[in-house]
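Got the model loaded? Let's take a quick look at how a few of its helices and strands sit together.

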Amino acid sequence: MTAIAVRSGLRITAWAMLGMLGAGGAMATAFPFPPPGFVAGPVAIKSYDGIGDDLLTAGLGAAGLAGAAPAVSDPPTAAELRRLAIYNNYRALVDMTPGGGYGTLYGPAVGVGGEGKIAGKEYLAFARGRAGDQNITLLVQIPASFDPRRACIVSGPSSGSRGVYGAIATSGEWGLKKGCAVAYTDKGTGIGAHDLSRDRVGLIDGTRTDATTAGRRSTFTARLTEAEKAAFNAAYPNRFAWKHAHSQRHPERDWGQHVLQALEFALWALNVEHGRRHPGRPPRFNWANTLVIASSVSNGGGASLLAAEQARARIIDGIAVSEPNVNPRFDGRFVIRQGDGPALARHSRPLYDYITLVNLYQGCANRDPALATAPLNLVPAALGDARCQSLKEAGLLTADTVEAQAEEAQARINAYGILAEQNIVQPSHWFANVPQGVAVTYANAYARASVLDRLCGYSFAATDPAFPFGPVPLAAAAEAVLFGTGNGIPPTGGVGLVNDDSLGGPANNLVSVSPRFGRADQNAQGALCLRGLLTGGPPPLAPRLRQGIAQILATGRLGGVPTIIVTGRADAILPPNHASRPYYALSLLADGRRARIRYYEVTNAQHLDAFNAFPGFNERFVPLHHYFIQALDLMWAYLTTGAALPPSQLVRTTPRGAGAPPIALANLPAIAASPPAADRITFDGRVLRIPQ
């Protein structure tokens, strides 16, 4: 199929596009035509020369990104916070070690030379959220290499709950190198940290000020009256309200819309930057003459899929995402079978379901003898033993010894459709508080809970590293740089999880004492409460949580938009059987003959490539990011030259092995144009078959 044929159904008149842009109020006089109507407040435009500062590396270059964190002033400037945010977001998404592929397979300088600095402009603005009282950050990067004759936009919604630079290392880097504009959004999450005791909040540029001064310019201010805030601070001092958890807006239900807004904002910015200057003439760039690829990874990848499902004007030409957090609507017409294993009929469980299951059992499963040497399995054994004992007393385990209880806990996790390949990875994620933080944040978000609710007894605060491990003020220097160091889900940036119900008083969640069981069991009581909200719990929060989950289920209806999904088989955050695999099958059923979706599953690859820098990971796992880049390259070739997309397949990689010698292409076979039958992923409408 030629590129023209691929894009033939994506036309919209320039005059219609002008109407879609709407009115931008007072800002209209500053531009040839007004910004989109959802833009709120000023649009900040800044140029970067590609020498002292740039779009991709904030002036650090490839070597600087791999080095020590950049210094900041006291207080830090907006430019310093931007540099720190790019530095930390880049390093959080990829393995920065040369042996793992940085500087050879991927990185700012790969394919362009020098230090990989990219000159260009940034357009930064807020969009109003659903209720008009929430700020969604939008950012467009337009490289100096942008060619108006080959106009293109790549979406970069943030991974996880990160800030607006959360896709800089993934779709951001790829798009900028292609000369495309990159449309970023924080998806209504990001570093919205309201320090309630100090009453300080963040602004769009990362600097912080008091909530009153910030007003509507605040990235996030908790919806509290002065009396409510005073009473809460008196009872629970030093706490933070966090945007993803406590905005009471359930941002995930609008992630697709946020991506579409970012794309529209990018198209407008291109018309301002490179468009016609004659009054009364239609914009130069429209959806018919601008190539649009929806992309990103994890939550950002899921947001791009949702955007394609929701796009009314069919503005998206292609999709290439990695390890997407997508919650496919359950369809009982098909099962999933891996190799000769049993058919999995109960697939497509939503994230909240499986993450709260892991959050309940993993603290015990870490004590499984099979995981004794798992990398970063570092939580003290006594705490794991206590979690096992509490689960036994709760009637959730039946074995009598810790070892047998841990094996039983692991079996319960895997019986839920979570692949055994993730078992070796999960202890590290538990040590890093990944399932714990995700479970708490998403429970609050889905239930649209207020920070006042302290759902299941949790709150967010810095904690004393010594006994009694209670909440303390976050150091002023740490608070000042949250925009540059935070990832959007505590624990992050010095703010951690607190168990307010701990015996003896509020304490760090890990070492807190459950009142129900009377022991330091990593807050088994809180984990049970979070799990219980899914099936029961009192109104209004529990029913609202279940409603919130229903609101984010994906349909798979992509309308025939060509799509590539890449996922690692050992993903310990988004299990393939509940995310990528069933979404692929659901989309084939939903789109029928129009479907142009491909699914590539990669062996020896897991969700967090950054962990591949650690001993134990470096020997076992290859960079999934390498295949994400391949997916984007394949989609680009399909859209611009008509090159065929390879069929869905299992990509069999080779780990680096003992001593972790530098990775080579021999470890990373390409996605095959004609894979052997034994490696093909097939779907007959009833069985999704995944090779072993």
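Below are a helix pair and then a small sheet with a helix across it.

This is a predicted model, where local features need pLDDT of at least 70, side-chain atom pairs count only at pLDDT 80 or more, and totals for chains, interfaces and linings use all residues. Numbering starts from 1 along each chain as its sequence is written, and side-chain values use heavy atoms, with hydrogens and water left out.

Helices (H or I, at least four residues) and strands (E, at least two) are DSSP runs, numbered from the N terminus. Here are the two packed helices:

| Helix | Residues | Contact residues (heavy atoms within 4.5 Å) |
|---|---|---|
| α11 | 351-365 | Asn359, Leu360, Tyr361, Gly363, Cys364 |
| α12 | 381-393 | Gly384, Arg387, Cys388, Leu391 |

Their contact splits into 5 nonpolar, 3 polar and 1 charged residues; Tyr and Cys count as nonpolar here, and Gly as polar. The axes of α11 and α12, lines fitted to C-alpha atoms over the stretch in contact, come within 7 Å and cross at roughly 125°. That makes α11 oblique to α12, oblique being what remains outside under 35 degrees, over 145 and 65 to 115.

Now the sheet: an open one of 3 strands, ordered β12-β21-β20 with mixed pairing. To pair, two strands need at least two DSSP bridges between them. β12 (335-338) and β20 (682-683) are the edges, each with a single partner strand, so one side of each has no neighbour in the sheet. β12 runs parallel to β21 (residues 687-690), joined by 4 bridges; Gln338 has Ile690 in β21 as its bridge partner. Helix α20 (residues 580-591) lies across β12, β20 and β21, at about 135° to β21.

How values were computed: Axes fitted to C-alpha atoms, helices over the stretch in contact; angles between N-to-C directions.
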